[in-house]
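Work through the exercises below with the coordinates open. Each task is followed by a stepwise solution.

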Amino acid sequence: MHKMTSRTFPSTTSLRCFEASARFLSFTKAAQVLHMTQSAVSKQVIHLEDSLNTTLFDRSLKGLNLTPSGKIFLAEAQKILNQIEISVLNILAHGSEAETVNIAVHPTLCARWLIKALKGFGKSHPNIHLDVQEQIHDSEIENLQADIAFLYGEGVWRDMTSIKLFEEQCVAVCSPEITQTPFNSLEDFHCHVLIQCRSRPRAWDEYFQMQEFVNEHPFIGPRFDTFYSCINAAIIGCGVALIPKFLIEEELLTQKLILAWPYELNNTKAYYMTYPTSMAKTPKVVTITQWIQDHLNEC
């Protein structure tokens, strides 16, 4: 087995040369971007291949092509270089005294609630930098190295402490182009497209079942990854969407969206602020959790 030592471990220069060469499939173009000579870039890539004991490029008269190993390593190298860039920029922007809080959150919850909740935090805590990463699926969020995560669920995640934020009531809404007043009966839903959200595939079925109404096609309709897209689809008149009410308070107030039916579906799950239990007493985690709880108390 090839043994890697500190002397043979890939340098950032070799990673940058490989990444640029792989991006352009050309040592010459990589050299131009990196302000190096073509031979220097080529030597750095060869050194990297020697360190890894594998061939990253197929070389021919027609040019370069990534090998299967090269394709895998490219994705990893880009992650490494991106993280280095972020870390350097954080230090340049916030200085050596700043701490970073890595926050993971669903895109719609971020845009519609979290940003408002964090307003003024930076001014009150200038030495804490917020790095917010938007993730669609809970599995993606749980796999992140996040200090704080805002999740929807039952409140139990392995090795995590959860603070309940609020419950959720979903309402059926649509554009005033479809109707300016609630439907006369549940049968009216048969005449309209049901906008679907991928994260809640059974939402419409549960909505009708809880009202003891049979809709034969509760799963049919355009499907979107996020509530944000569902909201926009409803606003422009694509159909009726089932949306958590707290996400569309402004649209209901300004009548960009109309309640298609008065019933509110109460879900058994809720929204939680979570963090690794091992970080419970970390000052930055204590600060952000207290800020969010104070915001909720003010609402």
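The exercises below cover cores, salt bridges and surface in this predicted model.

**Exercise 1. Find the residues with the most contacts inside the largest nonpolar core, and state where this core lies.**

Step 1. The largest nonpolar core has 40 residues.
Step 2. Those with the most contacts inside it are L109, W113, L114, I148, F150, I243 and I292.
Step 3. Domain 2 (97-164 + 269-294) and domain 3 (168-265) both give residues to this core, so the core lies between them.
Step 4. Another core, of 20 residues, lies apart from it; V41, L48, L66 and F73 are among its members.
Step 5. As background, nonpolar side chains tend to be buried together in soluble globular proteins.

**Exercise 2. List the contacts of I243, leaving aside its neighbours within four places in sequence.**

Step 1. With those neighbours set aside, I243 is in contact with Q169, C170, V171, V173, F227, C230, I231 and I248.
Step 2. I243 is also one of the residues with the most contacts inside the largest core.

**Exercise 3. Is T274 buried or exposed, and which residues does T274 contact beyond four places in sequence?**

Step 1. T274 sits in strand β10 (residues 258-276).
Step 2. Its relative accessibility is 0%; buried means under 20%, so T274 counts as buried.
Step 3. Beyond four places in sequence, T274 touches D147, I148, A149, L151, W157, M160, T161 and S162.

**Exercise 4. Sort three of the salt bridges by their place in the chain.**

Step 1. The structure holds 10 salt bridges.
Step 2. E19 pairs with R23, the closest N and O atoms being 2.9 Å apart. Both lie in helix α1 (residues 12-24), and because they are 4 residues apart, about one helical turn separates them. E19 is buried at 12% relative accessibility, while R23 is partly exposed at 47%.
Step 3. E76 and K79 form a salt bridge at 3.9 Å, N to O. The two are 3 residues apart in helix α4, about one turn of the helix. E76 is partly exposed at 39%, and K79 is exposed at 56%.
Step 4. R198 and D225 form a salt bridge with closest N and O atoms 2.6 Å apart. This pair links distant parts of the chain, 27 residues apart: R198 is in the loop between β7 (194-197) and α8 (203-209), and D225 is in the loop between β8 (223-224) and α9 (227-235). R198 is partly exposed at 42%, as is D225 at 36%.

**Exercise 5. Which residues form a nonpolar patch with V88 on the surface?**

Step 1. V88 is found in helix α4 (residues 68-94).
Step 2. At 44% relative accessibility, V88 counts as partly exposed.
Step 3. The patch consists of I80, I84 and V88, with about 230 Å² of accessible area together.

Terms used:
Residues numbered from 1 in each chain as written. Predicted model: local features only at pLDDT ≥ 70, side-chain atom pairs only at ≥ 80, totals over all residues. Heavy atoms only, no water. Patch = residues over 30% accessible without salt bridge, like charges linked within 9 Å, V, L, I, M, F, W, Y side chains within 5 Å. Areas by Shrake-Rupley, 256 points an atom, 1.4 Å probe, with all protein chains shown as cover. Salt bridge = Lys/Arg side-chain N within 4 Å of Asp/Glu carboxyl O. Buried < 20%, exposed > 50% of the residue type's maximum accessible area, 1.4 Å probe, protein only. Contact = heavy atoms within 4.5 Å. Core = buried A, V, L, I, M, F, W, Y, C linked by side-chain atoms within 4.5 Å. Domains from an automatic or database assignment.
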